Structure formats: structure tokens, C-alpha cells
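Please open the model in your viewer and keep the selection tool at hand. The stops below each name something to select and then describe what is there.

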Amino acid sequence: MATNGDAAMKGNGMAMPKSPLKKIATSDKHDGICQDMSAPTVKAQTIDELHSLQRKRSAPSTPNKGIQGAFATLSEEERQKQQLQSISASLASLTRETGPKVVRGDPANKTRPFVKDHHVAAPTISVSDSSLKFTHVLYNLSPAELYEQAIKYEKGSFITSTGALATLSGAKTGRAPRDKRVVKDDETSEELWWGKGSPNIEMDEHTFMVNRERAVDYLNSLDKVFVNDQFLNWDPENRIKVRIVSARAYHSLFMHNMCIRPTLEELEDFGTPDFTIYNAGQFPCNRYTHYMTSSTSIDLNLARREMVILGTQYAGEMKKGLFSVMHYLMPKRQILSLHSGCNMGKDGDVALFFGLSGTGKTTLSTDPNRYLIGDDEHCWTETGVSNIEGGCYAKCIDLSREKEPDIWNAIKFGTVVENVVFDEHTREVDYVDRSVTENTRASYPIEYIPNAKIPCVGPHPKNVILLACDAFGVLPPVSKLTLAQTMYHFISGYTALVAGTEEGVKEPRATFSACFGAAFIMLHPTKYAAMLAEKMQKHGATGWLVNTGWSGGSYGSGSRIKLAYTRKIIDAIHSGSLLKANYKKTQVFGLEIPTEVEGVPSEILDPVNTWSDKQAYNETLLKLAGLFQNNFTTFSDYKIGKNNKLTEEILAAGPIF
């Protein structure tokens, strides 16, 4: 590799001096055959010894460097001992002895020495056989090490033709929101959103501890567990330390990708985590336990800062469980947590993209002409926006190089692909095949996207874009929203799904998800909406409603708005040119729509123009407006602050007829 000096000499047209080749020492004492003796002979007596030399030996955690870090005054041995004690405390049983002794390293790897004399003594309440065994901790393994663990020990793990790790998540191939529970105590009973429309299903402290004990007992019974210590939130002032204890290499690699990866120096003084996940998903909960409705349970205890997973191996439960935690912790710091995509232009203009599945959020936020800050989870602080995660979790169904080149190219070594089908011989993935599930996914570090902005932070957003795929065909392709309208449509979280049957396609079905992520929010939606309005007002952001769905009729009679037109609209929002357009107001929804957008046919900007049957348009418009009103009754009685003035303003921003 040329040095800077070499490059300078080349640039000046100067000839570079040839470095003399290293002389090869030879010997003709071996039956007249010339031998290369410049390198020492490999000192290995067996194949195992040779393999042990093949892998570069390194400490599983950060070596002690000078006087930096919280453990700097300790010896390496003492520092590792403290770390093992911390992990042992995480795995503690609260009703019997604290669990098995914890040591570092893979029991199957005999060539790697274990840390000696670091067995953590546990105060014993009652003796059981579990106190006589060791649980080996595989701590913050690299992707290569996790590949080896998965392929050796986990059925259904394979390397695909592009180098990704293909895995199976078991019987569950998606989240189980009905099996998610949150501990309701004196504090959370007042703070969280409970009741009709809420995703928070209550459980008591005792039941949580029963499930926690079951998960810890299962993890402690294993020969080895995987432990990840990582971060959430790229904003260093509001970073959260998380520890994930899991039984599968697949889960460890998934979280390695999805959370922010600490440097060796950051791991050195990681200390006690702020939140811990116990993923015992291979083991079911006891269905006879109070509050349980199946053998699956995902339990959050915000007071203990812990999450327990039983009965599901779907990795997305960990990602979204932590997102729920951030939806609780961040608003306490006056930070708005958002289920959105986020990108930034070359001039520093930031845009947030909200949208449910199928609205084009990923496609429109992943723009080759803009920097990607993140695809799914963000925080809006006093200084700007920051990505919560360190990776992306992209849908793979029908993935193609032409449609999504960035995602296609990101599926390489280090990426986890879940539940995909591949050719048995070539290992080429068939992304169209739905044999296992429709919900095939890829998890990869965000730096696998070429135009990702690292670190994943940006200034305050200029535009807040709400995406809806309106299969009823009555919403305009783009509308400029007032602050109250932005809150109304943000709380509504609307899109429309196309309902299909064996006989054919029926009429569209409206779907509403509060804050465009109802399954993950912890507080009442109006609290997040009020924070959004406050930040938009303070920093001068504009709200937009963009319909990526149908025009000229509902699904079956109209046609989908061309992606090229939607991209032109988004470009006009980014450039600021759409703010200068002339606007007119629609009926019923009262939306401000532009009369002209460069590159977009003017006649489609007002949806009534594209319907040949005007009566059918009016009937469909009123039908959708009624669905909006019915959905909003869940929120209309909620008061923000000391009076309900703001609530009344939001209600007035909805459809009126």
C-alpha cells in the first residue's frame, strides 16, 4: 500500500526508488530440494495446535490501556473479575442461590484458556445442583465468532451465497403484541397509557418475578450464554447502556447489528447496564401463571429496568422491546422518541418520515442523494435528532437489486437474514419465496449503507412528512399541514390495507396506529403529539401529508400514484420550493394542496379531478372521514395540561362534515 509520501512522489512525476526484495535464505541439505527458510517453522505438534495458531489470540474484553477508563487502576485480572461479577449479578436468582458460577469462554474451545479464580461466590439461600456448575459467558463476540457458534450449534443456520448468516426464528416469525406485558405499579399506573386502544397490557410485580426466575433458571442451566453490552442512542449525552443475555448466537449477532457497538475503550468502563434483557425464548412460560394467555410472554418491568422473553425466538421482540423502553425513558428527559425514518441533505436539512408498513417509508427515506441518519427509531433532543439504533432491520420479501440496491448490497458477511428460503446447493436466496413467512427480514449495521451518516446525528428537522397509502383514493398526493393538523394526523397514524380473499379483492380496510407506532408507545399518544408540536413550532419545521396510495378511484378502479411523482414531491419538500407554491383548501378534511409541483401532472394534485364518478368520490371521501372520526373518539376525551384547549384545536383539525 502506498504511503502519503509515495503518493506525493507519484504526483510530482518522480520515480519511486525500488525497495530491495528480501533475500530468500536457502538450504540444499534436504535431498537437493531448495527450501525457503526465511520464516521459522510452525511450532505445532497436532492439527488442534495448528488451528489454535490460526486464530489470533486476544482478550475477550478490552485490554487495560494506561490510566484510561474506570478500571484503569486495576490489574487486568481484577478488571475481568469485576466484569464477571457484574454479569453474575445480572443472572442472579432471587429466590435461591444467585445461580451458577460464571466463567469466561466457550467450553468447547479447549485451546483458549479460561479466566482462573474468577468464580463468583454467591450467598446461598438453599442449595441446589445448579450451584455446582459453571455457566460460560461468551461476551461481546465478533460476528465471525458468532457465525461459528451458530453454524456449529444452531440447527437451521447457514451461510448464504453473499456471505450473510441465514437463520430460523422458530415457530414465531413476527412479534406477538398480545403476549406483551408491562408491570403496573404505583408509578406506572399513573404515567403509562392503559385501557382502550393502549398496547400496554398489565401484569403485577409478582408475576414478572415468576417469569424472570423461569428465564434466569433456563439460562443458568445452559453450558454457555451470550452476553452483549451495547448502547442505544447516538447522542452521547442521552446514551443508554443495555445488556442482552441470550441463549442463541443468532440473537447475539442480531443485537450486535441493531444496537450501537461500543469501542474497546468504551467497553472498558461500561460498568452496570441501565437496562437488561433476558432472552430465554426457547423456553416457554408457564401458561398456568397469572396473566398468561399462551406459552409466550414478553414482559417489561420499568422499575427494575428489565425485560424477560419466554416462548418466542423472534429477534424483533428485543429490538422493539428496547424501543418501548426508550418511549418511556426519553420523554422523562423532555426528549421526543419517534418511530420514523430520517435523512439529511448535503446542506444539513433534515427530514423525518413517518409511515406504517407499505407506505414507502424505507424507500423514500433511503435516498441516494441524501445522507441516511436512520431507518426506524429516533430521538429529537434540544440539539437535534439522533438515531436510537446502530443498524437496520429491513423487510426482504420481493427484494430486488433494481428496487432497493442499498439493502440488496448490505446483505453480506455480518448480516442476519431471518426465515428466508435459499437454494440448497448455491445458497442463493429466493426473496420471492414465502414458504416460511411473508415477514422475511435482514439485520445489518447501518454503516453497510454507503451514504449513512456516522455518527447518526443531525440538526433539527425542517420537514415532518407523514406517509399514508390511501387505497380509498381520496387523499391528495401532498398536503401542507397546520400544526394542529400535523398533531391530528400524527395521532391518527392512518394508512389503508388492501383486503384480499380467494374470490378476489374486496374494498380497502383503514388502519390506524397512534403516532405511527402504537404497539411501542408507553404514554398517551397526545403527550407525544404535544411534544412534536412544541419542537416543530420552536424550530420552524413544516408538516406534510403525502399519499403514496391510489388516485382516480379506490383500489380496483383507480391506479397507484407513480413512485416517480412521489419522489418529485419529496424532492420539492426537501428543496423548499413547495413552500412557495400556491395552495387551495379541500373540502371535508380541510387540507392545503398545491396547485402545481414541478414534474407532477397538476390534475392529480386535487384527487376529485381524477375521479370520473364524482358522486362515488364524495361518498368515499365521507366514508373515510367517518372512519377517522370514529378512530379519534379513543383520544378525544384526553386533556393536555390544565385545560383541554389543545385537544379542542386538534379535534377541529380533523375532517368536518
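Select T381 and display what surrounds it: apart from its neighbours within four places in sequence, T381 is in contact (heavy atoms within 4.5 Å) with D235, N238, I335, H460 and K535. This is a predicted model, in which local features need pLDDT of at least 70 and side-chain atom pairs count only at pLDDT 80 or more, while totals for chains, interfaces and linings use all residues. Residues are numbered from 1 along each chain as its sequence is written, and side-chain values use heavy atoms, with hydrogens and water left out.

T381 lies in the loop between β16 (377-380) and β17 (385-387), strands being DSSP runs of E with at least two residues, numbered from the N terminus. T381 has a relative accessible area of 4% and is therefore buried (under 20% relative accessible area, with a 1.4 Å probe and protein chains only). Now add T383, whose side chain makes a polar contact with the side chain of T381 at 3.0 Å (a pair of N or O atoms within 3.5 Å, one able to donate a hydrogen and the other to accept it).

Next, select C379, which counts as buried at 0% relative accessibility, and then C285, which is buried with a relative accessible area of 4%.

Finally, select L219, W380, Y444, F490 and F589, which touch the most other members of the largest nonpolar core, a set of 154 residues (buried Ala, Val, Leu, Ile, Met, Phe, Trp, Tyr and Cys joined through side-chain atoms within 4.5 Å). Helix α9 (residues 316-332) contributes the largest share of this core, eight residues. A second, separate core of 18 residues includes F353, I465, W544 and V546.

Notes:
Buried means under 20% relative accessible area, exposed over 50%, partly exposed in between (1.4 Å probe, protein chains only). Helices (H or I, at least four residues) and strands (E, at least two) are DSSP runs, numbered from the N terminus.
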